[in-house]
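Me: I should like a close look at a single part of this model, with each term defined as it is used. Please give the answer as one connected account.

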Amino acid sequence: ARDDEVGKLLQGLQSMQTRMGFEVAETKRTADEMTRIKIALDCVGTPVRIADAKGTVIYANNALLSTLKRIEPVLKAQNANFSIDSFVGSCIGNLYADPEAALKRLASLASTTQTEMDIGGRTYRVVTSPVFTASGERLGSVGEWQDRTDELAVEREVSGIVEQASRGNLDGRIDLEGKTGFFALLAERINGLLKTTQEALVGTSEVLGRVARGDLTQSIDKDYEGIFGQLKDDTNTTVERLR
């Protein structure tokens, strides 16, 4: 409360302490927020990495580190500088056979891009996005690695089964082993469609074959819905009228 030089000095010190208290509180709030984000990214199943504007990896979540660990021998074969132990803190270009070209692509990246990479027998869709400040300053990039190997295998399997069915071969079925979620449901539905279609056509074919040989004693007994039900009714009606 003094109004002399000592008082003014103490008042300035008090003002500085108050300002520093607010700054420390804001720094702690920001640090807590960043910690929550890091913990959340560590727990997500999608492999994610973050690199700064110079291409130095500043973060990689557990999912990405596990992914890179599995294919480390292949990555080392194409670039001897790659190491999973020192990946965070190293150059992101070490993931590629031509590091300089990769860094140039990242430096010129203006929007989100998608590329597919075949590494160690696995196919990855790499989604890379540039990161800018509100004023447009480049901060770096963030990349997501999506393993599409199983998805592509199912696509090829389904395509093959459908192609066979389009040629009249309805014996094929999709193997359910190892499939979960959407892929398991898709496989079950397609297998069910093939089974119902095959049963309806085989049953109709058998009855019409007997009719062609003059045998009018057989009809279709199994219940069907939709167009298969109509086919059954029309076939049975034809047999009954001929009889």
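Reply: The account below concerns one pair of helices and residues in and beside them.

The model is predicted, so local features are given at pLDDT of at least 70 and side-chain atom pairs only at pLDDT 80 or more, while totals for chains, interfaces and linings use all residues. Residues are numbered from 1 along each chain as its sequence is written, and side-chain values use heavy atoms, with hydrogens and water left out.

Two packed helices are described by the angle between their axes and the distance between the axes. Here the pair is helix H6, residues 181-212, and helix H7, residues 226-242. Helices are DSSP runs of H or I with at least four residues, numbered from the N terminus. The axes of H6 and H7 come within 11 Å and cross at roughly 10°; an axis is a line fitted to C-alpha atoms, for helices over the stretch in contact, and angles between N-to-C directions run from 0 to 180 degrees. H6 is therefore roughly parallel to H7, a term that covers angles under 35 degrees.

On the H6 side, the contact (heavy atoms within 4.5 Å) is made by Thr196, Thr197, Ala200, Leu201, Thr204, Val207, Leu208 and Val211. H7 contributes Phe228, Leu231, Thr235, Val239 and Leu242. By class, the residues of this contact divide into 9 nonpolar, 4 polar and no charged. In this scheme Ala, Val, Leu, Ile, Met, Phe, Trp, Tyr, Cys and Pro count as nonpolar, Asp, Glu, Lys and Arg as charged, and the others, Gly among them, as polar.

Two further residues of H6 can be described individually. Glu188 lies in this helix and is partly exposed, because its relative accessible area is 42%. Asn191 also belongs to H6, but is buried, with a relative accessible area of 12%. Buried means under 20%, exposed over 50% and partly exposed in between, with a 1.4 Å probe and protein chains only. Leaving out residues up to four places away in sequence, Asn191 touches Arg173, Ile174 and Leu176. From Glu188 to Ala212 the C-alpha separation is 36 Å, with their positions 24 residues apart in sequence.

Beyond the helix pair, Arg243 is found in the segment after H7. Its C-alpha atom is separated by 9.1 Å from that of Asp215, although the two are 28 residues apart along the chain. Apart from neighbours within four places in sequence, Arg243 is in contact with Leu216, Thr217 and Gln218.

Technical notes
Helices (H or I, at least four residues) and strands (E, at least two) are DSSP runs, numbered from the N terminus. Angles under 35 degrees count as roughly parallel, over 145 as roughly antiparallel, 65 to 115 as roughly perpendicular and the rest as oblique.
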